[in-house]
Amino acid sequence: MTGVLTATFKLLATTLVLLNGLSIVTNVHAFKSYQSLGGLDPRQVERIVPTLDARVPPRPPGPPRFTGTKLVDDCEHPWRPLRNGDIRGPCPGLNTLASHGYLPRDGVATPSQIIEAVQEGYNMNNQIATVTTFIAHLMDGNVVTDLLSIGEKTRRTGPDPPSPAIVGGISNHGTFEGDASMTRGDAFFGDNHSFNQTLFDQLVDFSNRFGGGFYNLTVAGELRHQRIQQSIATNPTFSLVGLRHITAFGETTFPVNLFTDGRQASNPTTRGQLTLSAARSFFKDMRFPTGFFRAAVPSGNEGIEVVFAAHPIEPGRNHGVNNYVVDTSLGSLSDPCGFYTGFVNTTIKGLYPNPTGVLRRNLNINLQFLYDALSPPDCPQVFPYGRN
Ligand code: HEM
């Protein structure tokens, strides 16, 4: 009897080992070249990395030579509707660039392509473009293949959609993507990346009440506060720590500085005043307004201090609905060094606790690019994986 039990147990154990191995193999086969390796089981990483086409990450592009305004809705970059499988996500800026072909239309790009596209299409300044891109790439991209996806698939190609938690690119919640977005819902409520008409209606309402029918920095300050208060009141998992404290305020300035037509800048009454039809075009249709000219000078988050000053709120998170507790452990808008150190030593190290080989090499190269671009004042560089 004991012999039979032992044999059965051995058979069961062998089957489990085989099944486990099979699931790793299956995951290897299903693995996309732009999928993040962050947070994966070390055994999976070990199996997947050799199947990838590894690249040495190239040095990011510098500023372009011509930095004035120009027509960017041009005949070389026609808007096209989505094809099956094209990826779009929570960023209206990148979605629009992909739909006009400044980025690959499928929504998968290298960090260098993203930096070049935001500079060319919007005149985003080189420092913000580089910092933003490498923060996103380190958290949501594949650092071995040097590819990043700009979101989640907006159209399914088959009956068996991939898990958003795995291939979400910049839609991955709790990385770059966060709560209290202006036109996207919180992940807690199920969809953190699609355009949300109800939230856009609120943006329109605030623009009418506080901006005389335009979106501007005053509207941004009020809307930012409103969205934070809504999340505090309804989302038990609401988080506004570290990076999200910075991006939540920064993103509200991009429509003012980068979605307004560059020709408006020369007129003090129209400068920084985004029309609601232009806002709808970017946020909803992922399309430049007809004949759009990019910003007049390289621009980024100018005015962020105005938005923050309207309703200064410390970084923190909800511990249950309506229970917001301040948490400065991962830095904030007013503590860039705390942000940098926490981002590298806690966030990235948490995603990649013990990388080896080409993964470790490429993480170190990308972390160096981030530090060079961020150059946080009086802030020593940290090396969680030693030096290459
Ligand atoms: C440089 C590379 C960029 C990356 C990696 C990036 C990434 C992202 C991500 C992950 C989000 C979602 C954050 C959230 O949860 O709200 C976001 C939001 C946003 N991005 Fe970008 N972005 C980039 C460039 C741009 C540019 C060039 C613009 C404008 C021209 C832009 C405009 C916006 C706006 C307005 C939002 C807020 C959307 C909302 O709150 O509904 N971004 N971006």
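In this predicted model, the iron atom of the ligand has a single donor from the protein. That donor is the SG atom of C91, 2.3 Å away. C91 lies in the loop between β1 (87-88) and α3. C91 is also listed among the closest residues to the ligand, together with G178, S181, M182 and T183.

The ligand sits in the largest pocket. Four helices each give two or more residues to the surrounding shell: α3 (92-99), α4 (111-122), α5 (126-140) and α10 (254-258). Of the elements, α5 gives the most, with four residues. In total, 27 residues surround the ligand. By type, the shell divides into 17 nonpolar, six polar and four charged residues.

Oxygen atoms of the ligand have polar partners at G178, S181 and M182. At G178, a backbone N or O atom lies 2.8 Å from a ligand oxygen. At S181 the partner is an N or O atom of the side chain, at 2.7 Å. At M182 the partner belongs to the backbone again, and the distance is 2.7 Å.

A180 is found in the loop between α6 (164-167) and α7 (197-210). The phi angle of A180 is near 65 degrees, a positive value in a residue other than glycine. Most residues other than glycine have a negative phi. A180 has a relative accessible area of 0%, and therefore counts as buried.

A positive phi also occurs at N123, where the angle is near 70 degrees. N123 is placed in the loop between α4 and α5. Both of these helices give two or more residues to the shell around the ligand. N123 is buried because its relative accessibility is 2%, under the 20% cut-off. The side chain of N123 has a polar atom 3.0 Å from the backbone oxygen of A295.

Two further buried residues were examined, one in a loop between helices and one in a segment after a helix. Q35 is in the loop between α1 (2-30) and α2 (42-48). With a relative accessible area of 5%, Q35 is buried. Its side chain reaches the backbone nitrogen of K32 at 2.7 Å.

P384 is in the segment after α14 (357-374). At 19% relative accessibility, P384 is classed as buried because the value is under 20%. The C-alpha atom of P384 is separated by 8.8 Å from that of N364. Along the chain, P384 and N364 are 20 residues apart.

Definitions and conventions
Residues are numbered from 1 along each chain as its sequence is written. This is a predicted model: local features need pLDDT of at least 70, side-chain atom pairs count only at pLDDT 80 or more; totals for chains, interfaces and linings use all residues. Side-chain values use heavy atoms; hydrogens and water are left out. A residue is near a molecule or strand if one of its heavy atoms lies within 4 Å of it. A polar contact is a pair of N or O atoms within 3.5 Å; within protein, one must be able to donate a hydrogen and the other to accept it, and residues adjacent in sequence count only if both atoms are side-chain atoms. On a 1 Å grid over the protein atoms alone, a cavity is a set of points where a 1.4 Å probe fits but cannot get out, and a pocket is an open set with protein on both sides within 12 Å along at least five of seven lines; lining residues have an atom within 4 Å of a point. A molecule sits in a cavity or pocket if more than half of its atoms lie within 2 Å of its grid points. Ala, Val, Leu, Ile, Met, Phe, Trp, Tyr, Cys and Pro count as nonpolar, Asp, Glu, Lys and Arg as charged, and the others, Gly among them, as polar. Donors are N, O and S atoms within 2.8 Å of the metal (3.2 Å for Na, K and Ca); water is not among the atoms, so sites may look incomplete. Buried means under 20% relative accessible area, exposed over 50%, partly exposed in between (1.4 Å probe, protein chains only).
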